[in-house]
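Q: Please take a close look at one part of this structure. I would like to see how two domains meet, and what lies beside that meeting point.

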Amino acid sequence: MPVVSPIFAACWLPGLTLAEPVHFSLVEKLLLAALIAASGWLFWRRFGVIARRILAARKDADFHLFPLGRRCWDFFWEVLCQAKVIRERPLPGLAHAFVFWSFLAFALVTANHVATGFGVGFLDPGGFFGRLYFLIAAIFALACAVSIAGLFVRRFVVRPVWLAHKDKTVSWESGVIAGLIFLLMATYLGAYFVPDGSLAVRLLWWAHTLTLLSFLPLVPHTKHLHLILSPVTVFLSRGGFSEIPPLADDDDFGLVTGKDVTQLTALQVYSCVECGRCTEHCPAANTGKELNPREIILGLRGYLNEFGPASEESLLGRWNSQQAAFQCTTCGSCEFQCPVGIEHLPVIVGLRRGAVNTGEWEDEHGGKLFLALERSGNALGMAHSEREKFMAREELPMFDGSQEYCLWLGCMGGYDPKGREIIRSFVEVMRYLGTSYGVMRREKCTGDPARRLGNDLVFQQLAEANLETLAQNKVKKIVSICPHCVRTISEDWKAYGTPPEIEHHSEFLARHQARLPKSAASQTGQTGQTVFHDPCYLGRYRNVYEEPRAIVRAHGDLVEAERSRERSFCCGAGGGLAFLGEEQGARVSETRVEQLVATGATTIGAACPFCNTMFRDALASRGEGAPQLLDIAQIAAAALPTSVKESDSLNMQEERREEK
Amino acid sequence: MKIIVAIKQVPERDARIRIDSAGKWIALDEIEFRMNESDAYALEEALLLKEAHGGEVVVLSAGPERVGQTIREALAKGADRGIHIASDKLGEYDALGVARLMAAAIADEQADLILTGLQSDDLGLGQTGVILAELLGIPHSSLILKIEKTEAGIRVLRELEDGWFQHIEMTTPALLTIQSGNTRLRYATLMGIKKARSKELRVVEADAISVDAARCVSLDSVALPSRQKTTQMLTGTPAEAAAALVEKLQQEVRVL
Ligand code: SF4
Ligand code: SF4
């Protein structure tokens with residue numbers, strides 16, 4: 001223990017003893033008691049209101065405490081270790097962590113400090129444990145003082161744009177709080193430098209006490225409320241990523257009025273620390289749209305402050321706008337980044353549900369999409385026969401229960417020209433590997449765009465119809481080229497039945513990598529590097545980052561964009577937005593393509609047919625010299641020997657002729 | 001304003017059509033059904049009129065039990081109540097017979113306006129609505145794109161051939177058959193479906209209505225359109241062949 005032993009040794013240095021006042025007069029004791037009572041009362045006057053508001057909200061019908069293990073781990077990792085706080089913003093994150101850890105260390109110090117005032121101090125500054133503990137606390141105090149000073153400079157001098165409010169001001173309370181924390185630490189450390197029994201000791205003690213007692217009531221009045229709420233919020237969070245809670249009963253249509261706000265949501269909106277991490281990563285906020293995830297959360301808080309959780313006032317109105325709610329691509333960056341466990345997507349999708357399930361949302365493109373899903377069962381509104389023609393042309397076998405995989409075409413794979421190319425390449429690979437697969441004639445859209453846009457009726461109809469067809473066909477395993485299909489089938493359909501096992505083709509390809517030919521970059525005509533774009537629904541939603549990279553690496557040089565993996569920036573298509581009209585501000589797809597092109601790569605590797613169409617359009621506007629765009633299936637298929645491809649399909653033709 | 005909308009349930013657009021064993025109609029098992037498209041527009045017009053001027057929208061449909069689902073869908077989109085003429089052998093009636101059933105079923109309704117789609121997506125006769133107006137003795141107008149309420153009755157926009165339109169002033173009660181595509185259809189909502197559950201749906205047994213069921217039109221047989229691939233050689237000088245090709249692309253294939 002190389003660090004600890006010097007501390008032990010230092011304990012016995014004569015100068016390193018904390019000075020504490022002794023013998024408080026009765027007047028002092030009474031004064032202390034009165035001040036504590038006043039401070040506590042001021043604290044409760046605000047905190048009580050908030051606590052009651054949270055408790056008065058509707059209960060979360062689907063809440064359950066299990067699995068406890070996951071909750072404890074999240075608490076340990078995100079609260080105690082401050083992992084999320086540090087990961088994304090290492091320096092300020094670490095500074096914050098030191099402030100937090102010092103607070104923990106100070107719990108005992110503070111209890112002893114107050115007890116001393118009443119003559120019942122329990123830590124002896126001269127005893128072994130007291131000396132040791134005070135010294136450890138002093139080290140933390142030092143780190144804390146430096147950290148808080150640093151954070152103060154960052155907020156008020158450096159001024160990162162994400163910390164500013166809507167009106168570009170920085171909260172002055174944060175400055176006051178930082179000052180108080182600094183003072184707390186300084187008045188504690190000061191006691192090491194004053195002689196025992198002197199007046200200075202007594203003054204320092206009172207200064208520390210007064211700082212503490214002024215700090216307390218400020219907590220519930222400012223964003224520092226997160227000190228108390230966020231550990232609870234992290235522990236109680238829904239757990240699933242972008243988890244959309246089931247509708248509670250026949251009168252539940254999503255977030256329509258204050259009555260629909262649940263306790264968990266209320267707890268979360270009061271925990272927001274206004275750090276702006278969500279906004280910093282939001283593709284909508286970064287391209288000049290009205291949507292700003294922090295303001296969605298703070299808007300809901302404003303609503304609860306003004307109207308309370310029993311109000312029948314519409315949630316979309318003064319505090320949050322419908323336009324903003326429908327600009328979200330459901331990329332999940334905000335929820336992923338939030339250090340206090342706020343789940344934005346249940347809120348944003350909840351607001352959309354409220355507007356769509358009641359018919360409030362009127363949008364030309366959105367209406368068309370829903371009608372297309374209602375009437376044609378696919379998001380593109382194309383005739384079913386088009387899909388069958390494609391299946392016949394590509395000689396895709398029908399799924400009949402004997403094959404290993406049901407190949408899920410999805411709307412893009414079944415109808416979109418670019419999506420069909422991906423299917424074609426993936427099928428080539430499966431044929432090469434000898435994997436048996438089949439396609440279902442009666443496959444419909446998974447309902448992903450309806451789900452994300454908040455149309456529970458269409459989503460339920462599609463999910464149920466598909467689940468029934470899959471059961472009839474006795475499908476056990478599905479493979480899909482679309483991360484949206486994968487997520488919706490594996491998670492969202494659970495509300496209506498038990499979906500079969502499903503995997504994304506990147507997972508399939510990576511598993512069979514060893515049996516697939518590798519290619520030197522030159523062989524496939526791929527000179528230069530490939531940048532892989534992580535689709536939101538594959539990365540953040542499914543935690544699949546390595547598999548697609550393994551495929552890219554086998555066929556060329558991989559480079560990373562500045563925002564990649566869990567920080568990947570959306571292509572703009574998610575959340576049903578691919579089907580809605582023109583965007584406000586800059587196009588998300590163009591912004592992302594800009595970032596990918598900046599790597600200097602000559603190929604953009606994609607793993608989602610939606611990213612693919614978005615990038616195709618954005619690249620088209622760049623003209624000559626734009627990098628080529630390939631799905632990982634196309635990259636893998638390009639390395640298959642041409643002779644194999646031809647003879648394979650020849651074999652198949654032979655077989656078919658013989659069958660006839 | 002009290003508006004009755006007559007809607008028909010038809011096989012979905014892309015259904016895989018097979019002819020049934022008797023050869024007189026298509027096989028209906030394995031087929032999904034939808035609301036007839038122009039009827040959906042008729043319903044939308046009725047709902048818009050109700051939203052603007054108040055009143056009641058009643059949907060009327062005939063057919064077997066499954067038709068109830070289409071009526072529910074109309075109720076979910078905002079219609080107030082439904083009338084279902086229940087019959088498992090509606091195919092035995094011709095357009096006149098169906099119109100007679102409908103006339104009888106709504107005899108007591110005293111509607112101001114009756115809307116239907118222009119024609120059905122399956123048979124495409126365009127007759128039932130017009131005959132119904134005759135049976136009820138009220139004026140009618142077909143191919144309607146727009147309806148406005150006026151002091152005296154209604155003013156409608158009617159589509160003619162070749163991009164021509166006609167405005168007609170009519171008194172009510174009247175019957176209009178509605179052309180597709182002029183308004184934006186609303187989507188069905190969860191709230192609508194839930195509300196529809198408690199709306200009135202009156203079932204009238206077709207057998208209990210005494211109408212003259214004698215057919216004046218009968219359907220002998222149906223057949224799938226045959227598709228043949230033929231090859232034509234265009235002969236002559238290159239210039240002639242090119243001219244002939246352009247002509248064919250324009251007139252026969254209609255791609256130019
Ligand atoms: S919602 Fe979370 S990430 Fe966004 S500002 Fe609040 S605390 Fe920060
Ligand atoms: S999910 Fe993505 S687009 Fe939506 S608010 Fe969050 S960060 Fe912005």
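A: Here is a walk through the contact between two domains and the ligand shell beside them.

This is a predicted model, in which local features need pLDDT of at least 70, side-chain atom pairs count only at pLDDT 80 or more, and totals for chains, interfaces and linings use all residues. Residues are numbered from 1 along each chain as written, chains are lettered from A and ligands numbered from 1 in written order, and side-chain values use heavy atoms, without hydrogens and water.

Start with the layout. Chain A is assigned domain 1 (4–234), domain 2 (248–357), domain 3 (383–513) and domain 4 (516–642). Such bounds come from an automatic or database domain assignment. Take domain 2 and domain 4 of chain A. Their centres, taken over C-alpha atoms, lie 30 Å apart. Domain 2 of chain A brings 21 residues to the contact and domain 4 of chain A brings 22 (contact means heavy atoms within 4.5 Å).

Now the area. The two domains bury about 1600 Å² between them, with 54% of it on carbon and sulfur atoms. Buried area is the accessible area (1.4 Å probe) that two parts lose on being put together, summed over both. On the side of domain 2 of chain A, the most area is lost by Thr287(A), Thr329(A) and Phe336(A), together 30% of what that side buries.

Next, the polar links. One salt bridge is counted between domain 2 and domain 4 of chain A (a side-chain nitrogen of Lys or Arg within 4 Å of a carboxyl oxygen of Asp or Glu). Lys289(A) and Glu583(A) meet in a salt bridge, 3.0 Å from N to O. Between the two domains there are also 15 residue pairs in polar contact, both at pLDDT 80 or more. A polar contact is a pair of N or O atoms within 3.5 Å; within protein, one must be able to donate a hydrogen and the other to accept it, and residues adjacent in sequence count only if both atoms are side-chain atoms.

Which elements of domain 2 of chain A touch domain 4? Helix 11 (277–281), helix 14 and helix 15 of chain A each supply at least two residues. Helix 14 of chain A gives the most, with three residues. Helices (H or I, at least four residues) are DSSP runs, numbered from the N terminus.

Finally, ligand 2. Its shell has 13 residues, the closest being Cys282(A), Cys328(A), Cys331(A), Gly332(A) and Cys334(A) (near means a heavy atom within 4 Å). Helix 14 (333–337) and helix 15 (344–357) of chain A each give two or more residues to this shell.
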